[in-house]
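Student: I am new to this structure and would be grateful for a close look at a single part of it. Please take the aromatic pairs, and set them in the context of the chain around them.

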Amino acid sequence: MTKLELKNHQVWRDLTEILETLDANILVQEHLDQCDYKVCGYWDEQDVYYEIITLPRPIKAELVSSSIGVNHQERFLQLKFVIIADAIDNTKAVISKAQKLGELVLVYDENLEFVDENWLLDVDSPLLVK
């Protein structure tokens, strides 16, 4: 029986190279620009429905995990981001500590074309307009 080890396989080196050169913030910014910083048809964890949630501008994204998947003959790349925004105190015109708004998962096909999104938002955040 042949022992197969993936840790030294070319696919891992290629994926590592792609992820190291990928500008995650640009992918998220492009996605947010296309949806005009709005999440439509959002159900929270308590099954409360929000027709539209508007996100603040600007937003920072940090890539926290990535994975590749194979489904039948389709291959995809899944990127999970933490979404962060600076809170602004309008009474003092001061930017305070950055706040986590939630998470965003973006799924791309093997041509790096957008396939799907999944949001997990902190709907209690005062930075979100519901």
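Tutor: Of the 130 residues in the protein chain, 31% are buried. The model is a predicted one, and its confidence averages a pLDDT of 86 over the protein chain, with 89% of the residues scoring at least 70. The secondary structure consists of 2 helices and 6 strands, arranged along the sequence in the pattern α-α-β-β-β-β-β-β. Confidence is highest in strand β2 (residues 49–54), at a mean of 97, and lowest in α1, at 80.

Strand β2 is a suitable place to begin. It pairs with strand β1 (residues 38–43) in the antiparallel sense, over 5 bridges. The two strands form a hairpin with 5 residues between them, and in the turn D47 has a positive phi of about 60°. Within this pairing, Y42 of the hairpin has Y50 in β2 as its bridge partner. In a regular strand, side chains alternate between the two faces of the sheet.

We may now turn to the aromatic rings. A pair of such rings is described by two quantities, the distance of the centres and the angle of the planes. The structure holds 2 aromatic pairs. One of them joins W43 and Y49: the ring centres lie 4.9 Å apart, and the planes meet at 55°, so the pair is classed as tilted. An angle over 60 degrees would be needed for an edge-to-face pair, and one under 30 degrees for a stacked pair. As for solvent, W43 has 53% relative accessibility and therefore counts as exposed, whereas Y49, at 43%, counts as partly exposed.

The other pair is made by Y108 and F114. Their ring centres are 6.2 Å apart and their planes stand at 75°, so this pair is edge-to-face. Here Y108 is buried, because its relative accessible area is 5%, a value under the 20% limit for buried residues. F114, with a relative accessible area of 40%, is partly exposed.

One further aromatic residue deserves mention, in another setting. W12 lies in helix α1, which covers residues 10–21, and its relative accessible area of 34% makes it partly exposed. Together with V11 and I68, W12 forms a nonpolar patch on the surface, and the three residues have about 240 Å² of accessible area together. Some caution is appropriate in reading this region, as α1 is the element with the lowest confidence, at a mean of 80.

Note on methods
Residues numbered from 1 in each chain as written. Heavy atoms only, no water. Phe/Tyr/Trp six-rings, centres within 6.5 Å; stacked < 30°, edge-to-face > 60°. Buried < 20%, exposed > 50% of the residue type's maximum accessible area, 1.4 Å probe, protein only. Patch = residues over 30% accessible without salt bridge, like charges linked within 9 Å, V, L, I, M, F, W, Y side chains within 5 Å. Areas by Shrake-Rupley, 256 points an atom, 1.4 Å probe, with all protein chains shown as cover. Salt bridge = Lys/Arg side-chain N within 4 Å of Asp/Glu carboxyl O. Helix = DSSP H or I, 4+ residues; strand = E, 2+ residues; numbered from the N terminus. pLDDT = per-residue confidence, 0-100. Pairing = 2+ DSSP bridges.
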